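The exercises below concern one protein chain. Each gives a task and then a solution in steps.

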Amino acid sequence: MKGCRIGKTNFCFSGKKLLNTAVAGLMLAAVSGVQAQLTTGDKYLGNIHQGSDSPFFSRYWNHVTPENAGKWKVVESRRDDFDWSGLDSAYHFAQSHGYPFKQHTFVWRSQEPGWLEGLSQAYQRAELAEFMSAYCRRYPKTAQIDVVNEPLSAPPTYRNALGGNGSSGWDWAVNAFRMARQYCPDAQLLLNEYGIINDDRKRGQYMQLIDVLKSRGLIDGIGIQAHTFNLVGYSVSTLRRNLDVLATAGLPIYVTEWDIDADDQAQLQEYRAKFPVVWEHGGVRGMTLWGYVVGATWRDNTGLMYRDGRERPALQWLRDYFSGGHAIVVRARGASGGESISLKVDNVSIATWILSTGMQSYTASTAVTGDITLHFGNDGSGRDVQVDYIQVNGQILQAEDQSINTGLYTNGRCGGGSNSEWLHCNGHIGFGEITAGDGPSGSSGGGAARRQSDDSVP
């Protein structure tokens, strides 16, 4: 990002020109009275454009991707009969608001034109070149392009026309990127694939392709889909580990197609637990949510806002998060069930939970800053609390690393101690301080450096 200005009116794209953004959107917000985007910093938070949802778009998002309008089968369902209407709408919306625009996608088996079948390989390659060149002439200010979508999961049927596996094992993808670079030299060229953020094996295969493209100077960023089936049921440590490995490629990571299919409370919990981990990762330069209007998303229950503008709890939480709020996850259990714990920040009560006997994650958000304490408040026969860790804005602080524990039973009495996951008596564990920055500081035991979980009972 060297040499790039980072501020509220610009986005920086590594290795590409500086693009003015947000200015028109902020002007529109001022005129219409609607809230401006959730974030206007150096990372974008985008969404798909479907036409009908554009009146609310500028309240939240600042980067545009067409959901289906840019796919080859949609643009050219009949040979040489191009329908640009959907792309025109999304592209002109982005341009008029000053938002970067990403084309999705050039090469993808699942939505390639049926008429390609039966053509010679020479004609198949020529037809792809025609599609790319026509697109790039029509939309010259495209900021990013998903050149190949799902190369591992859905490679094109016509890949032999692009060189097949070849000597690199990925010649067809290499040649697709070379064509895109030729016709759209000013756009960032990206890959896009699902299953990367949660599957170590698939991530390894993806890295091999990335290395092939990177060695030829053809790839500008790594796209990873994050649909509900890549997120729900997977731990934050899994997500973080795969992001860490991807970042070793030295390319910006763009988390694409994010959605959570769940009822209000489950969706809220998933957002609280996992969105900060991804958004705050140092390698991630932007995120795109895959729809937000209830009833207009590709999967039921992934929407965040009703058509009349009412927000589901997860979207309310996102607003709080970007307005300076802090996402907090507490992982704990009770020895007998029924134990009550309370989270406080600067001695302000943020949330209270009744524990079960199994380790569970309990989530909250707050804009309050100050000392973080977790209190056990209904000690009794058989009642004890085990605290695994708390997580603040994606940063994990292990309970056993903290030097303040006033609820520990030691030397035959309640009175406290240190460095234990257990609260046997009414008391609290201190976890340091939430500051106005990205996460907690001054942790009393340096717990941020220790991320492994220990759910064992002593």
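**Exercise 1. Backbone outliers**

Task: Find the strand in which T105 lies, and state what is unusual about the peptide bond from H104 to T105. Then examine the phi of E257.

Solution. The model is predicted.
- Step 1: T105 is a residue of strand 5.
- Step 2: The bond from H104 to T105 is cis, and its omega is near 10°.
- Step 3: E257 belongs to strand 9, which covers residues 253-258.
- Step 4: The phi of E257 is near 55°, which is positive although the residue is not glycine.
- Step 5: For reference, most peptide bonds are trans, and most residues other than glycine have a negative phi.

**Exercise 2. The sheet**

Task: Give the order of the strands in the open sheet and identify the edge strands.

Solution.
- Step 1: The open sheet is formed by 8 strands in the order 4-3-10-9-8-7-6-5, with parallel pairing.
- Step 2: Strand 4 (64-66) and strand 5 (102-107) are the edge strands, each pairing on one side only.
- Step 3: From one strand to the next, the twist averages 25°.
- Step 4: Take the pair of strand 3 (residues 44-49) and strand 10 (residues 284-289), which is parallel and has 4 bridges.
- Step 5: Within strand 10, M287 is the residue opposite L45.

**Exercise 3. Helix 9 against helix 10**

Task: Decide whether helix 9 is roughly parallel or oblique to helix 10, and describe their contact.

Solution.
- Step 1: Helix 9 spans residues 236-247 and helix 10 spans residues 264-279; their axes come within 10 Å and cross at roughly 15°.
- Step 2: Angles under 35 degrees count as roughly parallel, so helix 9 is roughly parallel to helix 10.
- Step 3: The two helices cross in the right-handed sense.
- Step 4: On the helix 9 side the contact uses V236, L239, R240 and L243, and on the helix 10 side A273, K274, V277 and V278.
- Step 5: Sorted by class, these are 6 nonpolar, no polar and 2 charged residues.

**Exercise 4. Helix 6 and its two partners**

Task: Describe the crossings of helix 6 with helix 7 and with helix 5, and give the class make-up of each contact.

Solution.
- Step 1: The axes of helix 6 (residues 171-183) and helix 7 (residues 200-215) come within 10 Å, crossing at roughly 45°.
- Step 2: Helix 6 and helix 7 are therefore oblique, and their crossing is right-handed.
- Step 3: A173, V174 and F177 of helix 6 touch L209, V212 and L213 of helix 7. The classes are 6 nonpolar, no polar and no charged residues.
- Step 4: The axes of helix 5 (residues 121-138) and helix 6 come within 9 Å and cross at roughly 35°. This crossing too is right-handed.
- Step 5: Helix 5 contributes R125, L128, A129, M132, S133 and C136, while helix 6 contributes N175, A176, M179, A180 and Y183.
- Step 6: The contact of helix 5 with helix 6 has 8 nonpolar, 2 polar and 1 charged residues.

**Exercise 5. Confidence**

Task: State the mean pLDDT of the chain, and consider residues 1-35 and residues 437-458.

Solution.
- Step 1: The chain has a mean pLDDT of 85, with 86% of its residues at 70 or more.
- Step 2: Over residues 1-35 pLDDT stays under 50; the model has 77 contacts beyond four places in sequence for them.
- Step 3: Over residues 437-458 pLDDT also stays under 50, and the corresponding count is 62 contacts.

Definitions and conventions
Residues are numbered from 1 along each chain as its sequence is written. This is a predicted model: local features need pLDDT of at least 70, side-chain atom pairs count only at pLDDT 80 or more; totals for chains, interfaces and linings use all residues. Side-chain values use heavy atoms; hydrogens and water are left out. Two strands pair if DSSP finds at least two bridges between them. Axes are lines fitted to C-alpha atoms, for helices over the stretch in contact, and angles run from 0 to 180 degrees between N-to-C directions. pLDDT is the predictor's confidence in each residue, from 0 to 100. Contact means heavy atoms within 4.5 Å. Angles under 35 degrees count as roughly parallel, over 145 as roughly antiparallel, 65 to 115 as roughly perpendicular and the rest as oblique. A crossing is left-handed if the near helix is turned anticlockwise from the far one by less than a right angle, and right-handed if clockwise. Ala, Val, Leu, Ile, Met, Phe, Trp, Tyr, Cys and Pro count as nonpolar, Asp, Glu, Lys and Arg as charged, and the others, Gly among them, as polar.
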